[in-house]
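Morning, everyone. I have one structure to show you today. Please look at the screen.

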Amino acid sequence: MGVVLRASSRATVEAHLDELAQLVDTAGGVEVARLVQERSSPDPATFIGRGKVGELAELVKAQGATLVVFDDDISGSQVRHLEEGMPDGVKVVDRAGVILDIFAMRARSREAQTQVEKAQLSYLVSRLTRRWVHLSRQAGGIGTRGVGETQLETDKRLIRKRIGVLAERLQEIERERSVQRSRREAMPAVALVGYTNAGKSTLFERLTRTRTLVEDRLFATLDARVRRAELGDGLVATVADTVGFIRKLPHHLVASFRSTLAEAADAEIIVHLVDASHPEWRDHLRVGEEVLESLGVGREKCLVVLNKLDRLGESAPTMADRPTVGISAKRGDGLDLLRARLRERVLALPGIEVLRFGPEGGSELQRALALEVVLARRYSHDGIELVVRRR
Ligand SMILES: Nc1nc2c(ncn2[C@@H]2O[C@H](COP(=O)(O)OP(=O)(O)OP(=O)(O)O)[C@@H](O)[C@H]2O)c(=O)[nH]1
Ligand SMILES: [Mg+2]
């Protein structure tokens with residue numbers, strides 16, 4: 001179900017619905033019908049118009065559908081009113097609900113699972129209605145109920161408590177992560193970020209020569225992973241693969257995935273990967289830039305890399321306002337140029353120095369090797385050259 005509000009257009013809403021259909025497919029559902037309504041503003045009770053609710057119910061019945069997915073954020077009471085208008089047992093969710101479902105399915109690490117549970121509970125607490133199965137029964141029942149409190153409030157309180165526990169656990173994981181990070185600190189850190197399905201994991205495999213999950217599905221990657229990569233000319237860096245961006249990602253979700261994205265935000269060089277063969281790639285780039293900005297990442301750190309050029313033939317796009325690199329992560333085209341650009345950026349980082357030692361500089365060389373972090377060593381006929389990072 002899509003709604004064309006005043007500020008948007010039918011074409012945009014259709015494109016967003018195509019993406020929503022992909023999300024539904026990833027979550028294991030099958031799209032059987034689509035409905036779009038144009039309205040100047042959402043109906044406070046049912047989001048779409050009352051008449052449209054009837055039309056939707058007819059369509060659901062005709063198709064034997066079991067789930068209605070809204071592309072826009074809908075509130076708990078709107079869900080309730082909408083579900084009341086549908087045939088029995090038909091559920092109503094929004095885009096955020098589907099994304100959460102996918103995240104729950106894909107979460108592997110303890111961190112991702114904790115983040116997903118926290119995000120799900122926050123989502124739930126805003127949508128708790130009287131039909132909710134009482135949580136207090138699981139949590140010991142008698143004694144947990146405050147005097148005069150309604151069941152609903154008790155449930156909400158229990159959920160908030162659980163959210164608090166999860167938040168603490170996440171902080172602890174984040175502390176462990178920052179310890180690990182400081183151990184790697186001296187190595188230049190490159191993060192691959194970008195819209196979901198842009199090809200980040202494919203590029204990660206190419207750069208780090210490891211195998212990872214690459215899928216033509218949304219959110220194949222949920223956990224940030226970091227590996228060592230050779231950039232050529234003897235230079236090494238760490239490269240991080242990260243969770244993808246998507247439009248209309250609700251704020252509370254972004255917040256719970258912040259620490260996963262923190263890996264990206266903390267990187268010194270950000271490769272913002274874009275699927276240039278996607279008709280909406282400029283929009284994807286903009287969504288990514290907005291998220292990066294909200295994480296406090298400066299533009300100057302980012303290198304825009306246009307991927308999947310193998311699909312475009314001669315008509316590779318360019319951008320007037322900034323330098324870009326065009327690649328095909330799948331075929332391996334353009335990777336030498338990308339590595340060269342990354343080397344230039346690494347060499348321009350603070351603390352990086354190139355030291356040269358002639359044949360007589362043996363003791364100085366020994367000292368440098370002991371004191372500095374060596375990112376590259378190059379041998380030539382008249383001595384040795386070290387690229388070091390001052391701590
Ligand atoms: N034609 C073509 N396909 C590519 C290229 N790079 C990646 N793909 C395909 O695009 C799909 C998504 O690739 P991934 O590497 O999983 O993308 P991702 O950005 O890691 O996606 P998420 O983890 O879901 O955010 C896969 O089917 C890849 O094979 C490319 O250069 N050309
Ligand atoms: Mg991936």
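At what angle do helix 4 and helix 5 pack, and how far apart are their axes? Keep in mind that this is a predicted model. Helix 4 covers residues 95-106, and helix 5 covers residues 110-125. They pack at an angle of about 155°. Their axes are 10 Å apart. Angles over 145 degrees count as roughly antiparallel, so that is how helix 4 and helix 5 lie to each other. The crossing of helix 4 past helix 5 is left-handed.

Who makes the contact? From helix 4, we have Ala96, Gly97, Leu100, Phe103 and Ala104. Helix 5 brings Val116, Ala119, Gln120 and Tyr123. Sort these contact residues by type, and you get seven nonpolar, two polar and no charged.

Now the sheet. Six strands form an open sheet, and its pairing is mixed. Read across, the order is 6-7-5-8-9-10. Why do strand 6 and strand 10 each have one side without a neighbour in the sheet? Strand 6 (225-232) and strand 10 (324-326) are at the edges, so each has a single partner strand. From one strand to the next, the twist averages 30°.

Stay at the strand 10 end. Strand 9, residues 302-307, pairs with strand 10 in the parallel sense over three bridges. Find Val304: its bridge partner in strand 10 is Thr324.

One last helix. Helix 10, residues 281-294, lies across strand 5 (189-194), strand 8 (269-275) and strand 9. Helix 10 runs at about 150° to strand 8.

That's my tour. Thanks for listening.

Methods. Residues are numbered from 1 along each chain as its sequence is written. Chains are lettered from A and ligands numbered from 1 in the order in which they are written. This is a predicted model: local features need pLDDT of at least 70, side-chain atom pairs count only at pLDDT 80 or more; totals for chains, interfaces and linings use all residues. Side-chain values use heavy atoms; hydrogens and water are left out. Two strands pair if DSSP finds at least two bridges between them. Helices (H or I, at least four residues) and strands (E, at least two) are DSSP runs, numbered from the N terminus. Axes are lines fitted to C-alpha atoms, for helices over the stretch in contact, and angles run from 0 to 180 degrees between N-to-C directions. Contact means heavy atoms within 4.5 Å. Angles under 35 degrees count as roughly parallel, over 145 as roughly antiparallel, 65 to 115 as roughly perpendicular and the rest as oblique. A crossing is left-handed if the near helix is turned anticlockwise from the far one by less than a right angle, and right-handed if clockwise. Ala, Val, Leu, Ile, Met, Phe, Trp, Tyr, Cys and Pro count as nonpolar, Asp, Glu, Lys and Arg as charged, and the others, Gly among them, as polar.
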